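Here's a short walk through how some helices pack and what lines the pockets. Keep the structure open beside you as you read.

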Amino acid sequence: MRILVDDKLLEFSDDNLAWMYIDQGDEAEVYQYRDEALKIYKPGSCDKLRLSEEEAKKLMGIDTNRLLLPRKLIRDADSGEFIGYTTPFITKATTTGIIRMKMINFIDEMDIIQNDIMTLTNNYVEVADFGVDNTIYNGKIYLVDPGSYRIRTVPSLMRFVRSNNSFSLNTYVKNELFAMAKLTKKEKTILDDVFSDYDSISDVMKETAIENESVRQYVKRMTR
């Protein structure tokens with residue numbers, strides 16, 4: 001494989017790629033190269049949304065801390081075709097560690113993520129695909145797949161970005177992270193009553209959390 005990362009030519013053998021391989025999804029394969037993750041689109045069409053070159057360029061101009069955005073464009077070295085982008089590479093631990101975090105640390109992480117989302121909202125970027133599969137945890141919580149984010153330019157869609165992004169964060173915390181506490185159907189119903197889909201979930205946690213309890217203990221207490 002011969003690719004251009006920005007203007008730097010990189011050449012990898014099949015053995016190199018096998019050693020660098022991290023993961024793949026419907027639209028791309030992901031490789032580690034030094035401190036970067038290379039997200040390279042699979043050939044052909046794809047049912048899942050993926051970033052266009054123009055969208056990737058716009059996201060490259062936005063600074064975030066926990067939502068990893070494109071940082072460099074990747075092109076086929078021979079054709080010049082846009083075939084993907086890089087993001088920072090984060091070494092991960094098991095995501096089950098999230099449920100064991102102290103609430104004071106978990107809330108701090110959610111504040112940082114919420115600030116990232118506000119930054120994206122102010123740039124009319126609508127987030128998507130928030131889930132455990134796209135989460136990396138190493139003491140900090142990162143969301144690593146911006147492939148389905150969309151930059152809204154039509155006024156009728158732009159006005160819904162804030163509420164849609166709040167909904168994405170709240171459902172991510174409730175249905176993905178809190179769900180790691182293995183909730184019963186009744187507990188899930190109580191959780192939905194405690195946390196609305198659009199209010200600031202960080203604000204609710206700050207008002208109800210006990211500093212030294214874990215996320216699991218907090219969720220179980222809140223769903224009694």
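## Two helices at right angles

Let's start with α7 and α8, which are roughly perpendicular to each other. Keep in mind that what you're looking at is a predicted model. Helix α7 covers residues 201-208 and helix α8 covers residues 215-222. Their axes cross at roughly 85° and come within 12 Å. An angle from 65 to 115 degrees counts as roughly perpendicular, so that's where the label comes from.

Who does the touching here? On the α7 side you'll find Val204, Met205 and Thr208, and they meet Tyr218, Arg221 and Met222 of α8. Sort the residues of this contact by class and you get four nonpolar, one polar and one charged.

## α3 meets α7

Helix α7 has another partner, α3, and the axes of these two cross at roughly 160° and come within 9 Å. That makes α3 roughly antiparallel to α7, because angles over 145 degrees get that name. As for handedness, α3 and α7 make a left-handed crossing.

From α3, the contact uses Met103, Phe106, Ile107, Met110, Asp111 and Gln114, while α7 brings in Ile201, Ser202, Met205 and Lys206. By class, the contact of α3 with α7 has six nonpolar, two polar and two charged residues. Try finding Met205 of α7 on your screen: it's in the contact with α3, and it also takes part in the contact with α8.

## α3 meets α5

Now follow α3 (residues 103-122) over to α5 (residues 161-177). The axes of this pair are 10 Å apart, and the packing angle is about 155°. α3 and α5 are therefore roughly antiparallel to each other. Which way does α3 pass α5, left-handed or right-handed? The crossing is right-handed, whereas the one between α3 and α7 is left-handed.

In this contact, α3 uses Phe106, Met110, Ile113, Gln114, Ile117, Met118, Thr121 and Asn122. Across from them, α5 offers Val161, Arg162, Asn165, Leu169, Val173 and Leu177. The contact residues split into nine nonpolar, four polar and one charged. A few names should look familiar: Phe106, Met110 and Gln114 of α3 touch α5, and they're also in the contact with α7.

## The largest pocket

Time for the pockets. The largest one holds about 610 Å³ of space. Its lining is made of 27 residues, and those nearest the centre are Asp23, Val30, Asp133, Asn134 and Val144.

Strands play a part in this lining: β3 (21-24), β4 (28-33), β5 (36-41), β7 (82-88) and β9 (135-137) each supply at least two residues. Which of them gives the most? That's β3, with three residues. By class, the lining of the largest pocket comes out as twelve nonpolar, six polar and nine charged residues.

## The second largest pocket

The second largest pocket has about 240 Å³ of space. Among the residues that line it are Met1, Glu29, Tyr31, Arg50, Asp76 and Phe82. Some strands appear again here, as β4, β5 and β7 each supply at least two lining residues.

How many polar residues does this lining have? There are no polar ones, just seven nonpolar and five charged.

Technical notes. Residues are numbered from 1 along each chain as its sequence is written. This is a predicted model: local features need pLDDT of at least 70, side-chain atom pairs count only at pLDDT 80 or more; totals for chains, interfaces and linings use all residues. Side-chain values use heavy atoms; hydrogens and water are left out. Axes are lines fitted to C-alpha atoms, for helices over the stretch in contact, and angles run from 0 to 180 degrees between N-to-C directions. Helices (H or I, at least four residues) and strands (E, at least two) are DSSP runs, numbered from the N terminus. Angles under 35 degrees count as roughly parallel, over 145 as roughly antiparallel, 65 to 115 as roughly perpendicular and the rest as oblique. A crossing is left-handed if the near helix is turned anticlockwise from the far one by less than a right angle, and right-handed if clockwise. Contact means heavy atoms within 4.5 Å. Ala, Val, Leu, Ile, Met, Phe, Trp, Tyr, Cys and Pro count as nonpolar, Asp, Glu, Lys and Arg as charged, and the others, Gly among them, as polar. On a 1 Å grid over the protein atoms alone, a cavity is a set of points where a 1.4 Å probe fits but cannot get out, and a pocket is an open set with protein on both sides within 12 Å along at least five of seven lines; lining residues have an atom within 4 Å of a point. Grid points are joined across faces, edges and corners, and a volume is the space filled by probe spheres set on the points.
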